[in-house]
Amino acid sequence: MPQDHTERRVVVTGPPRQTRRASGYYRPRTEIDEQTTLGHTYVRSLMRTQLRAALAVFAVLALLVGPLPLLFAAMPGTRRLEWAVLGFGLYAPLVLLARWYVRRAERNERDFVRLVEDR
């Protein structure tokens with residue numbers, strides 16, 4: 001058999017070094033990391049929803065606790081009732097309010113992550 005003295009070329013392939021993005025395609029996470037205007041808008045939106053939840057909790061708290069001094073001033077001589085209302089009567093609503101706020105904040109963050117992760 002005759003031998004070929006020509007050299008064979010070996011082609012080594014691998015993953016492409018740079019991938020092209022399709023036109024119109026963007027990644028919100030990249031926008032946030034690069035601190036672009038769109039990324040700033042995403043973060044501002046999250047902050048706005050968190051602030052809205054906090055203001056709702058504050059409004060309910062103000063309506064729940066705010067009138068108590070007026071109520072106590074209208075009923076003089078009821079120190080034990082005042083302490084019972086402050087110590088026991090407010091505890092359950094405050095815990096429920098805090099629990100609602102934490103769940104709402106976590107849900108807002110999950111929605112934001114779902115938006116950013118491109119799922």
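This text walks through the salt bridges and surface patches of a predicted model.

The salt bridges come first. Two are counted in the model. One of them joins Arg79 to Glu82, with 3.2 Å between the closest N and O atoms. Glu82 belongs to helix H4, which covers residues 79–89. Arg79 and Glu82 are three residues apart in helix H4, so about one helical turn separates them.

The two partners of this bridge differ in how they meet the surface. Arg79 has a relative accessibility of 61% and therefore counts as exposed, since the label applies over 50%. Glu82 has a relative accessibility of 13% and therefore counts as buried, the limit for that label being under 20%. Leaving aside residues up to four places away in sequence, Glu82 touches Phe72 and Met75. Glu82 thus has a salt bridge to Arg79 as well as contacts with these two residues.

The other bridge links Arg114 and Asp111, and here too the closest N and O atoms are 3.2 Å apart. Both residues lie in helix H5, three residues apart, or about one turn of the helix. Arg114 is partly exposed, at 48% relative accessible area. Asp111 is also partly exposed, at 37%. Both values fall between the limits of under 20% for buried and over 50% for exposed, which is why neither residue takes one of those labels.

Helix H5 also takes part in a patch of positive charge on the surface. Six arginines gather there: Arg44, Arg48, Arg52, Arg104, Arg107 and Arg110. Helix H2 (37–65) and helix H5 (91–116) each contribute at least two residues to the patch. Arg52 is one of its members and is placed in helix H2. With a relative accessible area of 51%, Arg52 is exposed, because that label requires a value over 50%.

Helix H2 returns in a second patch, this one nonpolar. Leu61, Leu64, Val65 and Leu94 make up a nonpolar surface patch of about 250 Å². H2 gives the most to it, with three residues. Leu61, which lies in helix H2, has a relative accessibility of 30% and so counts as partly exposed.

Taken together, helix H4 holds the Arg79 and Glu82 pair, and helix H5 holds the Arg114 and Asp111 pair. Helix H2 supplies residues to the positive patch and to the nonpolar patch.

Definitions and conventions:
Residues numbered from 1 in each chain as written. Predicted model: local features only at pLDDT ≥ 70, side-chain atom pairs only at ≥ 80, totals over all residues. Heavy atoms only, no water. Helix = DSSP H or I, 4+ residues; strand = E, 2+ residues; numbered from the N terminus. Buried < 20%, exposed > 50% of the residue type's maximum accessible area, 1.4 Å probe, protein only. Contact = heavy atoms within 4.5 Å. Patch = residues over 30% accessible without salt bridge, like charges linked within 9 Å, V, L, I, M, F, W, Y side chains within 5 Å. Areas by Shrake-Rupley, 256 points an atom, 1.4 Å probe, with all protein chains shown as cover. Salt bridge = Lys/Arg side-chain N within 4 Å of Asp/Glu carboxyl O. Lys, Arg positive; Asp, Glu negative; His and termini not counted. Charge placed at Lys NZ, Arg CZ, Asp CG, Glu CD.
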